[in-house]
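Colleague: I would like to go through this model with you, one piece at a time. Shall we begin?

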Amino acid sequence: MDNVILFDDSGIRGSLLPFTFTRPIADIRVGILKISEKWEKYAGIKPGFLTQNYLSKKFTYQKSEAILINGAFCPNPQLWKAISALDHKQALWINQTLIAVQSGDPSNFDQDIAKEKQRVEFEGEFTLIQKTWNIFEFNAKEIRADFDLLTSGRKSAGISDPNTIIYNESQIFVEEGAKIKAAVLNAENGPIYIGKNTEIQEGALIRGPFALCEGSTVNMGAKMRGDTTVGPHSKIGGEVSNSVIFGFSNKGHDGFMGNSVLGEWCNLGADTNTSNLKNNYAAVKVWDYIKGGFSNTGLQFCGLMMGDHSKSGINTMFNTGTVVGVGANVFGDGYPRNFIPSFSWGGAAGFSTFQVNKFEEVAKAVMKRRGLEYDEVEKEIIQKVFELTKHYRIWDKTL
């Protein structure tokens, strides 16, 4: 297969905001890998992205005949086999959701075009990321799948530290360059993946399923309670349960984070806590960008959804099911509102707008620390997101 393109499903993308403000659906990390990286493993080639126009300079695709795959689906062997068997007259569906279709000209692709082709119904198992909370909800399952995908036929670098306690070593895989000292790693309930050049410091307690991606650190005394992914070049500390950090983000201090998702370039200040369970044990509602109001997740446990480049000050308390947009800075006493729009500055006492020029000063400094540049492409994306989210910042309308 010469060309694979992962398209944004128009019926799903809006339900994955704020994360899809700054990325295609397939750039979301769930399990150990991003969805696009999973497909790359199966297809053997790097896939392209068919996404929003303002994201297309960063997330590109090859303009040639391709198999177009819905970027909200995580691959598995059965699904890949069904896609590989498609011919030019066919399209693969599950109920009313398009999975894949051949296209001669990707630039003219429309999901409705697939309805004109012969319908092939997929009847196997699948993982579809169509709501923000699916990212943590399906994370344990995807860690297990990615663990097998990444480690099959390979030998772990192993753990040589005599003061580290290991349970079920066959389900622990350590990449080269990882440093582990006086930790406890328990893989009895699921695999533990330790990426390249990572560090697990003294006193860290880790239960699988768990993934620590390249260049990341688990700080001293941290408690990783399972079903958790720490993306690349991140720092994690305190107590964490069933959460996903996309990458380049820090929750380095004490404080609890459960059933939560952090985008890239986020930072939670010391003793930031996220509530993931309501006092009355009722199902959690979260902000729905499509509805323009709160929707019921049907989940008893749901914590924080935080978009890229957002941050919290010390001792910040996030209520159950809080959604924070892109580029927000949250601080102060008390619980801030459950929906914090992008580029908000403040907390429970009220918000003002974090203007783009001030935001960029911070973003440039933060990215420079990781050896990356806040370039013109990133700048254009941020400026577009600022405009797209303007109507949510209702305090500006009173000026």
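Colleague: In which sense do β5 and β6 run, parallel or antiparallel?

Modeller: Keep in mind that this is a predicted model. Strand β6 covers residues 97-103, and Ile94 of β5 has Thr97 as its bridge partner there. Four bridges join β5 to β6, and the two strands run antiparallel.

Colleague: Which residue in the hairpin of β5 and β6 takes a positive phi?

Modeller: The hairpin has two residues between the strands. One residue in this hairpin has a phi near 55°, and that residue is Asn95.

Colleague: Which residue of β7 is the bridge partner of Trp93?

Modeller: Strand β7 covers residues 118-121, and four bridges join β5 to β7. These two strands run parallel. Strands of a sheet pair through backbone hydrogen bonds, either parallel or antiparallel. In β7, the partner of Trp93 is Glu121.

Colleague: Why is β5 described as largely enclosed by the rest of the structure?

Modeller: Look at both faces of β5: Gln90, Leu92 and Ile94 lie on one side, Ala91 and Trp93 on the other, and all are buried. Strand β5 is largely enclosed because the number of its residues that are buried is five of the five.

Colleague: What is the relative accessible area of Gln90, and is Gln90 buried or exposed?

Modeller: Gln90 is in strand β5. Leaving aside neighbours within four places in sequence, Gln90 is in contact with Ala85, Val101, Gln102, Lys117, Gln118 and Val120. Buried means under 20% relative accessible area. Gln90 is buried, with a value of 14%.

Colleague: At roughly what angle do the axes of α1 and α4 cross?

Modeller: Helix α1 spans residues 35-43 and helix α4 spans residues 139-151. Their axes come within 11 Å, and the crossing is left-handed. The angle is roughly 40°.

Colleague: How many of the residues in the contact of α1 with α4 are charged?

Modeller: From α1 come Lys38, Lys41 and Tyr42, which meet Glu142, Asp146, Leu149 and Leu150 of α4. The residues of this contact divide into three nonpolar and no polar, and the number of charged ones is four.

Colleague: Which strands stand at the edges of the sheet of nine strands?

Modeller: The order in this open sheet is β10-β13-β16-β19-β22-β25-β30-β33-β35, with parallel pairing. Each edge strand has a single partner strand, so one side of each is left without a neighbour in the sheet; the edge strands are β10 and β35.

Colleague: Within that sheet, which residue of β33 stands opposite Met306?

Modeller: Strand β30 covers residues 304-306 and β33 covers residues 322-324. Three bridges join them, and they run parallel. Opposite Met306 in β33 stands Val324.

Colleague: In the open sheet of six strands, which strands stand at the edges?

Modeller: The order here is β9-β12-β15-β18-β21-β24, and the pairing is parallel. Each edge strand has a single partner strand, so one side of each is left without a neighbour in the sheet; these strands are β9 and β24.

Colleague: What is the radius of gyration of the protein chain?

Modeller: The chain has six helices and 37 strands. The globule rule gives 21 Å for 399 residues, and the chain's value is close to that, so the chain is as compact as a globular protein of that length. The radius of gyration is 21 Å.

Conventions. Residues are numbered from 1 along each chain as its sequence is written. This is a predicted model: local features need pLDDT of at least 70, side-chain atom pairs count only at pLDDT 80 or more; totals for chains, interfaces and linings use all residues. Side-chain values use heavy atoms; hydrogens and water are left out. Axes are lines fitted to C-alpha atoms, for helices over the stretch in contact, and angles run from 0 to 180 degrees between N-to-C directions. A crossing is left-handed if the near helix is turned anticlockwise from the far one by less than a right angle, and right-handed if clockwise. Contact means heavy atoms within 4.5 Å. Ala, Val, Leu, Ile, Met, Phe, Trp, Tyr, Cys and Pro count as nonpolar, Asp, Glu, Lys and Arg as charged, and the others, Gly among them, as polar. Buried means under 20% relative accessible area, exposed over 50%, partly exposed in between (1.4 Å probe, protein chains only). Two strands pair if DSSP finds at least two bridges between them. The radius of gyration is taken over C-alpha atoms; the globule rule is 2.2 Å times the number of residues to the power 0.38.
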